[in-house]
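Biologist: Could we go through this structure together? I would like to begin with how its parts are arranged.

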Amino acid sequence: MRKSRAAYPLTWRVMDMLEAIAARLWPARFARALPYLMLAPAVLLVGILVLGLVQIGDSSLRVLDTSTFLMSEDYTLANYQRALTESFFATVAGRSLLGSVIVTVITLILAFPYAYLMVRTPSSALRNVLLVALFLPFFIGQVVRAYGWLIILGNQGMVNEALGLVGVPPMRLLYNYPAVLFGLIQYMLPFAVLMLAPALTAIPAELEAAASSLGANWLGTFRHVVLPLARPGLVGAGLVVVTLSLTDFAIPAILGGGSQDFIANAIYDQFFRTSDQGMGATLSLLLVAVGSLLVGLVFMLFGAGTLAMTGERK
Amino acid sequence: MPAASAERRVSRESIAVSVRDVGMAFGDVHAVRNASFDLPKGKFLTILGPSGSGKTTLLRMIAGFDAPTSGEIFINNSPVSAVPPHRRAIGMVFQKLALFPHMTAAENVAFPLKMRRHDARAIPEKVERYLQLVRLGGYGGRRINELSGGQQQRVAIARALVFEPDLLLLDEPLAALDRKLREEMQLEFRRIQKELGVTTINVTHDQREALVVSDEVIVMEGGRIQQKAEPVHAYRSPANTFVANFIGVTNFIEGVVAARDGALVSVAAHGRTLTGVAVGDAPATGGACAGAVRAEQIRIAPRADALDRLDTVLAGTVADAIFEGERIVYEVRVPHLGDQLVRVFDHDPVNHLQFSPGDSVCLGWNARDMHVFKK
Ligand SMILES: Nc1ncnc2c1ncn2[C@@H]1O[C@H](COP(=O)(O)OP(=O)(O)OP(=O)(O)O)[C@@H](O)[C@H]1O
Ligand SMILES: [Mg+2]
């Protein structure tokens with residue numbers, strides 16, 4: 001008797017006890033409800049978000065009375081009309097959309113070889129260096145990094161000084177569209193690499209060896225084997241980068257110096273400069289709509305299955 | 001001597017693969033050491049060896065995925081170390097098949113033809129022909145995950161053969177299959193290889209597969225080639241104790257050489273003298289040696305008089321009787337050999353399971369069936 005007791009480890013008995021308590025609290029016949037119970041916190045969080053959205057929708061239908069600085073009592077579509085007709089908003093929207101697309105394309109092109117090398121290199125030292133370099137920027141934070149670029153790219157910055165050494169006169173490298181895009185790409189790169197790496201890990205190296213023994217040079221292997229199989233990762237990384245850069249605030253604000261506002265900056269101005277909550281809410285909703293449309297479009301083009309969320313592909 | 005040199009040239013031209021002193025070291029792990037062999041065109045060679053013996057490494061070097069750290073490999077008599085895999089005409093079937101999951105079976109088979117820029121109009125017909133060759137006619141439109149394991153295997157074979165490579169490499173492609181399917185596929189390999197006459201190197205650690213399908217067998221161990229021979233030869237006259245132990249079920253009797261008489265050797269073991277034939281580097285008198293007797297070459301009988309025509313007869317007690325279907329394996333404890341357990345196959349169709357544990361029996365074998373190796 002004693003011996004069998006000793007053979008039954010303490011941790012197992014603790015588990016048994018916990019199971020017994022769980023069975024009291026949640027009898028087996030409720031078992032089918034368990035998944036829903038576990039889903040509840042997430043649903044609650046999303047629910048709160050929806051409530052906020054309703055509130056914002058309400059604000060967007062009221063205009064600011066410039067004499068009293070109060071929101072109107074009546075509902076009107078005037079904000080939407082302004083947002084869709086005034087050329088200032090169209091410029092900002094166009095700049096953000098075009099910018100996020102350019103940033104996404106360049107980021108993916110830069111991230112792919114990085115992720116590929118990180119996944120495939122036989123040298124674990126190199127892999128570690130690449131990983132650390134990848135996570136380092138996360139510790140620095142977006143705003144600090146943007147200020148860093150101000151220092152490096154400023155008129156008296158390192159780049160201009162280096163150019164001066166070879167006789168090039170100082171150039172204005174900041175406060176323009178390319179500077180914002182540059183900053184965004186630099187910010188997005190680690191995200192894209194992190195999204196791509198698992199997708200590339202999932203492609204067996206043997207497939208590439210097989211392709212080469214079947215007569216494909218590296219380009220053929222890349223085009224016909226690696227790229228199609230990496231598509232879920234590319235779509236996922238692309239979605240993350242496009243939505244993050246479309247809605248980014250800090251980089252356009254700091255590296256654009258006020259002249260290169262993205263939608264988020266315009267929303268900020270409406271809420272905190274002109275105090276026009278209605279217009280701010282309208283722009284926010286339009287941003288949500290455009291973002292959702294973009295994501296929906298990608299899903300339609302590539303199918304939600306490409307995100308490897310369906311179990312069907314192995 | 002023009003005739004002789006012409007003859008030599010002919011024989012040189014009939015060599016498909018020549019491996020010369022090839023070695024491969026990963027850091028200080030020597031995965032392959034001093035491997036040398038020639039493989040004539042159209043032959044089926046099997047590399048047999050335990051796990052980690054360097055089989056895959058050797059195959060990958062022939063395919064061109066890894067460069068040897070020493071030595072040179074010749075394919076059709078030209079050195080290939082500077083030739084990348086996609087410029088070698090080698091079809092390879094991988095251990096895990098490495099089929100492209102985003103393509104259909106037909107697209108997989110068409111892939112090498114496209115990459116090698118074959119005439120696009122001829123591709124569909126050729127793909128179908130090779131799918132038929134592996135008995136998958138009409139399955140071309142299936143995706144890879146819609147095929148069974150054996151069917152996937154055959155797609156991989158069709159893909160490796162469709163561009164008519166000079167050489168086909170198989171890295172244990174049958175290892176994952178169940179026994180019945182594996183045996184079917186072994187014969188299928190043999191049929192296809194004969195039909196197309198393609199030179200083939202097959203890697204396996206299944207000794208049965210090696211014996212069934214091959215023209216020649218290489219046994220590897222610890223990165224070294226232990227023996228290269230025809231299957232029958234490797235089985236009947238193993239070059240050393242490792243090969244004797246690896247192929248088939250072999251009993252080893254350790255002792256010292258008591259006397260030599262030409263090829264015949266008397267071995268003194270546990271106070272008895274047994275006679276066998278010397279193999280390879282003949283052990284000198286007084287030297288340690290091991291006599292190897294295969295389980296199927298030992299006769300088992302209830303009494304010694306049934307075995308009186310055999311050179312060596314020993315008494316023992318049955319320790320275990322293992323039923324394996326087509327045969328019974330008896331483990332017999334032999335007091336005269338220091339209580340060593342000797343394994344014996346019994347195929348007797350009449351007296352099925354004639355002995356049970358505890359029975360006294362006699363074992364006997366012929367002198368020519370005991371191979372004596374130097375220790
Ligand atoms: N890339 C590598 N780096 C370091 N060591 C390696 C590498 N590849 C193989 N080895 C070592 O070389 C030896 C031979 O390996 P190999 O894969 O050729 O064995 P194998 O005969 O194919 O075995 P198995 O039957 O298990 O497939 C092993 O000891 C293995 O650990
Ligand atoms: Mg192997």
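Modeller: Certainly. This is a predicted model. Taken over C-alpha atoms, the centres of domain 1 of chain B and domain 2 of chain B are separated by 38 Å.

Biologist: Which residues does each domain of chain B cover?

Modeller: The domain assignment places residues 16-241 of chain B in domain 1 and residues 249-374 in domain 2. Where the two meet, seven residues from domain 1 of chain B and seven residues from domain 2 of chain B take part in the contact.

Biologist: What area is buried between domain 1 and domain 2 of chain B?

Modeller: About 630 Å² is buried between them, and carbon and sulfur atoms give 52% of that area. On the domain 1 side, B:Tyr235, B:Pro238 and B:Thr241 supply 71% of the area buried against domain 2 of chain B, more than any other three residues.

Biologist: And how many salt bridges or polar contacts are there between these domains?

Modeller: The salt bridge count between domain 1 and domain 2 of chain B is zero. Three residue pairs are in polar contact, with both residues at pLDDT 80 or more. Helix α8 of chain B, residues 231-236, gives the largest share of the domain 1 side that touches domain 2, namely three residues. By class, that side of domain 1 of chain B has four nonpolar, two polar and one charged residues.

Biologist: Changing topic: which residues surround ligand 1?

Modeller: The surrounding residues belong to chain B. They include the run B:Pro50, B:Ser51, B:Gly52, B:Ser53, B:Gly54, B:Lys55, B:Thr56 and B:Thr57. B:Phe26, B:Ala31, B:Glu172 and B:His205 also surround ligand 1.

Biologist: What is the distance from an oxygen atom of ligand 1 to the side chain of B:Ser51?

Modeller: An oxygen atom of ligand 1 lies 2.5 Å from an N or O atom in the side chain of B:Ser51. For the side chain of B:Thr56, the corresponding distance from a ligand 1 oxygen atom to an N or O atom is 2.6 Å. For the side chain of B:Lys55, it is 2.7 Å.

Biologist: Now the two chains. How many residues does each of chain A and chain B bring to the contact?

Modeller: Chain A brings 19 residues and chain B brings 22 residues. The area buried between chain A and chain B is about 1,700 Å², with carbon and sulfur atoms giving 68% of it. A:Glu206, A:Ser213 and A:Leu214 supply 37% of the area that chain A buries against chain B, more than any other three residues.

Biologist: What about salt bridges and polar contacts between chain A and chain B: how many of each?

Modeller: There are zero salt bridges between chain A and chain B, and four residue pairs in polar contact, both residues being at pLDDT 80 or more.

Biologist: Which helix of chain A gives the most to the side that touches chain B?

Modeller: Helix α10 of chain A gives the most, with seven residues. By class, the side of chain A that touches chain B has nine nonpolar, six polar and four charged residues.

Biologist: One last topic: how many salt bridges are counted over all chains?

Modeller: The count over all chains is 21 salt bridges. One pairs the side chains of A:Glu208 and A:Arg120, at 2.6 Å from N to O.

Biologist: Which parts of chain A does that pair tie together?

Modeller: A:Glu208 lies in helix α10 of chain A and A:Arg120 in helix α5, residues 87-120 of chain A, so the pair ties together parts that are 88 residues apart in sequence.

Terms used:
Residues numbered from 1 in each chain as written. Chains lettered and ligands numbered in written order. Predicted model: local features only at pLDDT ≥ 70, side-chain atom pairs only at ≥ 80, totals over all residues. Heavy atoms only, no water. Domains from an automatic or database assignment. Contact = heavy atoms within 4.5 Å. Buried area = accessible area lost by both parts, 1.4 Å probe. Salt bridge = Lys/Arg side-chain N within 4 Å of Asp/Glu carboxyl O. Polar contact = N/O pair within 3.5 Å; in protein donor to acceptor, adjacent residues only side chain to side chain. Helix = DSSP H or I, 4+ residues; strand = E, 2+ residues; numbered from the N terminus. Nonpolar A, V, L, I, M, F, W, Y, C, P; charged D, E, K, R; others polar. Near = heavy atom within 4 Å.
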